[in-house]
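Biologist: I should like a close look at the strands of this model and at the way they are paired. Please continue from there to the salt bridges and to the second largest pocket.

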Amino acid sequence: MRCGVTRQLPLDAKSLLAPYFDSVELYEKGRPLTQEELSHAISDKEVFICQLTEPITQNILEHANRLRFLATFSTGVDHLDLKALKQRGIKVSHTPGVLTEATANLAWALILSCSRKLMPAQRYLQDGKFNGFLPSLFLGLALEQSTLGIVGMGKIGQAVAHRARAFGMKVIYFTRSSVEGVEGVSVSFEELLEKSDVISIHCPLTPHTKHLFNSKALSLMKSDAVLINTARGPIVNEEGLVEHLKRNPNCFVGLDVFENEPKVAPGLLELPNALCVPHIGSASRWAREQMARICIEDAMRFARGEKLQYEYSL
Ligand code: DGY
């Protein structure tokens with residue numbers, strides 16, 4: 001059986017997998033594989049480990065006649081054509097659970113930075129404008145008087161809600177899946193937009209959630225709301241967001257993900273009310289090592305004919 005790994009993982013996948021396969025090929029190029037490279041790499045593999053930057057489409061799968069098992073180094077599966085994978089009887093595993101706390105922590109880093117306007121405050125100092133303490137300089141949100149609205153109440157949404165208790169925030173949430181025993185009060189999407197001082201997005205990207213935050217939704221938010229996205233970029237219409245931020249300088253956004261990664265909408269990075277980081281939600285050393293371990297161990301299990309531990313049910 002042959003195995004392919006598209007990027008160097010935080011654990012040495014090649015050496016760890018070598019005893020279980022006839023060959024293991026690592027395609028590290030310092031960038032995601034192009035469609036052509038991906039088609040070629042996958043074409044003679046039974047087992048393949050990919051990244052969220054490598055869409056496994058119907059077109060790619062047409063080259064993957066031997067493929068039996070695909071592991072993605074991610075929790076999100078929106079880059080995979082799940083229907084086509086199912087039709088071909090290819091098993092899939094992903095990495096849920098291990099990045100919950102890391103992502104919730106990054107969401108909170110963005111919430112705190114945006115709600116206290118740390119980006120323009122640092123710029124003000126760097127620009128030599130600081131002449132001493134001022135009573136009304138960079139006034140931000142009092143979190144303990146504020147409402148946090150969470151969109152998507154899966155594990156990460158719940159971990160973000162849990163942390164809100166320490167800051168004395170009221171929590172409301174909007175979610176499509178049924179959840180029990182979670183922090184906060186369930187509300188409609190419109191109510192969440194209108195009532196929240198801080199909104200944090202934690203739903204998966206699906207046809208239902210693509211552009212959930214369009215210009216209309218953005219206009220329903222409070223004009224000084226904080227919006228955080230550590231989920232998937234296309235959930236927010238980025239062009240509409242840039243316009244909204246220009247019109248509402250007191251609205252702040254914290255973004256870890258972008259609509260057309262790695263591209264960022266023109267103008268967004270220059271805005272003083274946008275804090276943008278490059279998809280690092282899960283980037284604690286521990287979380288990334290666990291993600292690698294899961295991919296590697298499920299590939300080993302597959303090679304040994306054992307039950308997968310993190311199979312995504314197609
Ligand atoms: C995921 O796993 O889906 C994150 O976006 C990256 O870790």
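Modeller: Two strands are said to pair if DSSP finds at least two bridges between them. The model examined here is a predicted one.

With that rule in mind, we may begin with strand E1, which covers residues 2-5. Strand E1 pairs with strand E2 (residues 23-26) in the parallel sense, and four bridges join the two. Within this pairing, Val5 stands opposite Leu26 of E2. Strand E1 also pairs with strand E3 (residues 47-50), again in the parallel sense, over three bridges. Here Cys3 has Val47 of E3 as its bridge partner. In a regular strand, side chains alternate between the two faces of the sheet.

Another strand, E4, spans residues 69-72 and includes Thr72. Is Thr72 buried or exposed? Thr72 counts as buried, because its relative accessibility is 1% and the cut-off for a buried residue is under 20%. The surroundings of Thr72 can also be listed. When neighbours within four places in sequence are left aside, the residues in contact with Thr72 include Cys50, Gln51 and Leu52. Val77, His79 and Leu80 are also in contact with Thr72, as are Ser93, His94, Thr95 and Cys295.

We now turn to the charged side chains. Side chains of opposite charge can pair when their charged atoms come close. The count of salt bridges in the model comes to 16.

One of these salt bridges joins Arg163 and Glu101, whose closest N and O atoms are 2.7 Å apart. Arg163 belongs to helix H7 (residues 155-166) and Glu101 to helix H5 (residues 100-115), so this pair ties together parts that are 62 residues apart in sequence. Arg163 is buried, with a relative accessible area of 19%, whereas Glu101 is partly exposed at 45%.

A second example lies inside a single helix. Glu191 forms a salt bridge with Lys195, and the closest N and O atoms are 2.6 Å apart. Both residues are in helix H8 (residues 189-195); because they are four residues apart, about one helical turn separates them. Glu191 counts as partly exposed at 29% relative accessibility, and Lys195 counts as partly exposed at 44%.

A third example is found in helix H11 (residues 285-303), where Arg293 and Glu297 lie four residues apart, about one turn of the helix. These residues form a salt bridge with 3.0 Å between the closest N and O atoms. Arg293 is partly exposed, with 25% relative accessibility, and Glu297 is partly exposed, with a relative accessible area of 26%. Salt bridges that share partners join Arg293 and Glu297 with Asp298 and Arg301 into one network.

Finally, there is the second largest pocket. How much space lies in the second largest pocket? The volume is about 260 Å³. The lining of this pocket divides into ten nonpolar residues, one polar and one charged. Among the lining residues are Phe130, Phe133 and Phe138, together with several leucines, including Leu125, Leu134, Leu137, Leu139 and Leu141. Ala121 and Tyr124 also belong to the lining, as do Arg116 and Gly140. Arg116 is the charged residue, because Arg counts as charged, and Gly140 is the polar one, because Gly counts as polar.

Key: Residues numbered from 1 in each chain as written. Predicted model: local features only at pLDDT ≥ 70, side-chain atom pairs only at ≥ 80, totals over all residues. Heavy atoms only, no water. Buried < 20%, exposed > 50% of the residue type's maximum accessible area, 1.4 Å probe, protein only. Contact = heavy atoms within 4.5 Å. 1 Å grid on protein atoms, 1.4 Å probe; cavity = no way out; pocket = protein on both sides within 12 Å on 5 of 7 lines; lining within 4 Å. Points joined across faces, edges and corners; volume = space filled by probe spheres on them. Salt bridge = Lys/Arg side-chain N within 4 Å of Asp/Glu carboxyl O.
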